Amino acid sequence: MDYSVLAETYRRIEETTKRLEMTALLVGLFSGTPPGIIRKLVYLTQGRLYPDFMSIELGVADRLAIRAIAFVTGYPEEEVTRRWMKEGDLGLVAEGLVAVKKQRTLFSEPLTVERVYASLQGIAGASGAGAQELKMKLIAEILHDARPLEARFLVRTMLGRLRLGVADMTILDALAITFAPREGTGDARAAEEAATADELAARRRNRAAVEHAYNLCSDLGEVAERLATGGMEGVRGIRLEAGRPVRPMLAERLGSMEEILGKLGGKASLEYKYDGMRIQSHIRIGKEVRLFSRQLENVTGQFPDVTAAILQAFNSRDHEEAIVDCEAVPFNTETGEFLPFQEVSHRRGRKYGVEEAAEDYPVILMAFDCLLLDGRELAGAPYPERRKALARMFRPTDRVQMSESLLTSDLSAAEQFFQKALDSGCEGIVAKSVSEDSAYRAGARGWQWIKFKRDYKSEMEDTADLVPVGAFAGHGKRKGKYGALLMAAYNKDLDRFETVCKLGTGFSDEMLESMTAELGAQRVPQRHARVESTMKADYWLVPSAVYEVLGAEITLSPVHTAGFGKLRSGSGLAIRFPRLKQVRADKRPEDATSVQELLDMYERQLKKVE
Ligand code: ATP
């Protein structure tokens, strides 16, 4: 398959301002892809070579790309750099220079997806002595044969900055539309047009099954390949596997313990909500332990102490394999007290000094769920059963314990437990359903888990995790940097980001500097297709970062688009007096606070005032 097909699709995705058109473009692309390479094509569209959780980066530095572009096009490196400074995007520079390259070549072979993928794999895998030269050679070879548009996307991909902003859910939609109708109806487009009510219902079920499979394996390439080769049957064959991360189950929130117990049928298992870092542990005795963050990044190398602690506590006489959901909480080894969440961030992203950091910032692992045990999928079992399995598999130690819990239907006991949790240095509690259908719902934020925190005294009962989608130029002291950011919540139903406030407080000068640089790399010339805004920003950004924001209250405003018209016609939701609390590097934009959550928060805020 020609890489030019991909490049052309990427160009059109980049230019569209409509989410549905984005999906349609992907459907067109997937329909024409041979099943044998669809896995690779999906990863490439995500700007990667492997599923996210494999954490293998391409790792081409700007310098090296500049050298390669200069070499292939015959322009001096200084010229490439000068254009880069002006345009801010090496992909566009490569495109422009390849179009007018000085060295015309006699032999050039059209680029295929397979060849591009193999070269990028070679680049990612190059290490040790001679790695730079090998990378340079591989880059030059493909750039040499690239047409201008291909060069744009090749360079961005190798730099790790493809920036298409296509969400996983959009890819899943497109995969389901492309491959699921095959079931009975034959070709995708005909099925689309001739859909009866029954077919539409079947399609919705298929879409849900495709998403479920993705939640279990966290690998879009795997889902795509199964669909393309085995249809829905193939997708239903995807199961939990120790060693491969599962998309985490998440909690809803409510404003009082009374409501929570009511919502959970009068009885719940209450648990301390520890304020640390979520770690999904995959244990395979005799093989290895793998640890994944909330974002499913493989963090095993950063937490050797956690691996050792798990192996010590795990009952390996009776069990050999498990997937366990835990929170790693920083604590004082002398007093046993929990320490602020930020302590654990010193452990993140380290390549060096890992052992020292483990000594300086020790963590205790609080286990709270179990999804798989010795090949048996427990995720579908009710919560009490999973909890029992958890109790059997660990012998509590000073580094691994079960989360503190209380099974109760009594409101005052629940209130006391909540107070105890706060006194112990926890954020609050997570109340969990114990009903027959209290399965582990991978990848879903649902009412099976309800969190209750009380840490902020402002009117807004909780902080909101928001996504910068635009920026405004700074003035005075902030000249040359961003003065404020346009922040948005996530509308899950429409898969888009809707604005709620302009954020300009809570940043230190250094932060502003680094933020301008980091967000600057996400700049796009026009409003991104997944952003809904009536406000016009000076710069537009691909939704990518997540910032936790504390506000005074949620109000209705005609200027913002979050939940527009839902509560009052001509108005959306806005956050008043927003200030930055912290950057949430552990969240993806789709994990940001949803518009529905903000609507709920607004309703509860009203109730309190009455
Ligand atoms: P927050 O920012 O409030 O932690 P979140 O979006 O990261 O929210 P939620 O699902 O809303 O996650 O809240 C549950 C989170 O609380 C989990 O992701 C986990 O990290 C943490 N946690 C701490 N203790 C528990 C527990 N006993 N059971 C479940 N989750 C817990």
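Strand 3 is covered on both of its faces, with M277, I279, S281 and I283 buried on one side and R278, Q280, H282 and R284 buried on the other. In this predicted model, 8 of the 8 residues of strand 3, which spans residues 277-284, are buried, so the strand is largely enclosed by the rest of the structure. Strand 3 has two strand partners described here: with strand 5 (residues 321-330) it pairs in the antiparallel sense over 8 bridges, and with strand 4 (residues 288-292) it pairs, again in the antiparallel sense, over 5 bridges. The register of these pairings can be followed through individual residues, since Q280 has D325 as its bridge partner in strand 5, while I283 has V289 as its bridge partner in strand 4. The hairpin of strand 3 and strand 4 has 3 residues between the strands, and within this hairpin G286 takes a positive phi near 85°.

A further covered strand is strand 13 (482-491), of which 10 of the 10 residues are buried. Strand 12 (residues 464-473) runs antiparallel to strand 13 and is joined to it by 6 bridges, with P468 standing opposite M487 of strand 13. Strand 13 also pairs with strand 14 in the antiparallel sense, in this case over 7 bridges, and here A489 stands opposite E498 of strand 14. The hairpin of strand 13 and strand 14 has 4 residues between the strands, and two aspartates, D493 and D495, are placed in the loop that connects them. D493 counts as exposed because its relative accessibility is 72%, whereas D495 counts as buried because its relative accessibility is 1%. The C-alpha atom of D493 is separated by 9.5 Å from that of V595, although the two residues are 102 residues apart along the chain.

The backbone geometry of this loop also deserves mention. Most residues other than glycine have a negative phi. D495, by contrast, has a positive phi near 50° in a residue other than glycine. A positive phi in a residue other than glycine is also found at D374, where the value is near 45°. D374 is placed in the loop between strand 6 (363-373) and strand 7 (376-377), and it counts as partly exposed because its relative accessibility is 34%, a value that lies between the limits of 20% for buried and 50% for exposed residues.

Turning to charged side chains, a search of the whole structure finds 53 salt bridges. D495, the buried loop residue described above, belongs to a network of salt bridges that links R19, D173, R207, E211, D495, R530 and E590. Within this network, R207 forms a salt bridge with E211, in which the closest N and O atoms are 2.9 Å apart. Because R207 and E211 are 4 residues apart in helix 13 (residues 197-217), they are separated by about one helical turn. The two partners fall into separate accessibility classes: R207 counts as buried because its relative accessibility is 17%, whereas E211 counts as partly exposed because its relative accessibility is 26%.

Other salt bridges join partners that are both buried. D586 forms a salt bridge with R584, the closest N and O atoms being 2.9 Å apart, and both D586 and R584 are buried. K453 forms a salt bridge with D462 in which the closest N and O atoms are 3.8 Å apart, a separation within the 4 Å limit that is applied to such contacts. K453 is buried because its relative accessible area is 16%, and D462 likewise counts as buried because its relative accessibility is 6%.

Charged residues are also found on the surface, where E355, E356, E359 and D360 form a negative patch. E359, one of these residues, is placed in helix 18 (residues 354-360) and counts as exposed because its relative accessibility is 67%. The acidic residues considered here therefore occur in contrasting settings, with E359 exposed at 67% relative accessibility and D462 buried at 6%.

Conventions. Residues are numbered from 1 along each chain as its sequence is written. This is a predicted model: local features need pLDDT of at least 70, side-chain atom pairs count only at pLDDT 80 or more; totals for chains, interfaces and linings use all residues. Side-chain values use heavy atoms; hydrogens and water are left out. Patches are made of residues with over 30% relative accessible area and no salt bridge: like charges are joined within 9 Å, nonpolar side chains (Val, Leu, Ile, Met, Phe, Trp, Tyr) within 5 Å. Accessible areas come from the Shrake-Rupley method with a 1.4 Å probe; for residues, only the protein chains shown count as cover. Lys and Arg count as positive and Asp and Glu as negative; His and the chain ends are not counted. The place of a charge is taken as NZ of Lys, CZ of Arg, CG of Asp or CD of Glu. Buried means under 20% relative accessible area, exposed over 50%, partly exposed in between (1.4 Å probe, protein chains only). Two strands pair if DSSP finds at least two bridges between them.
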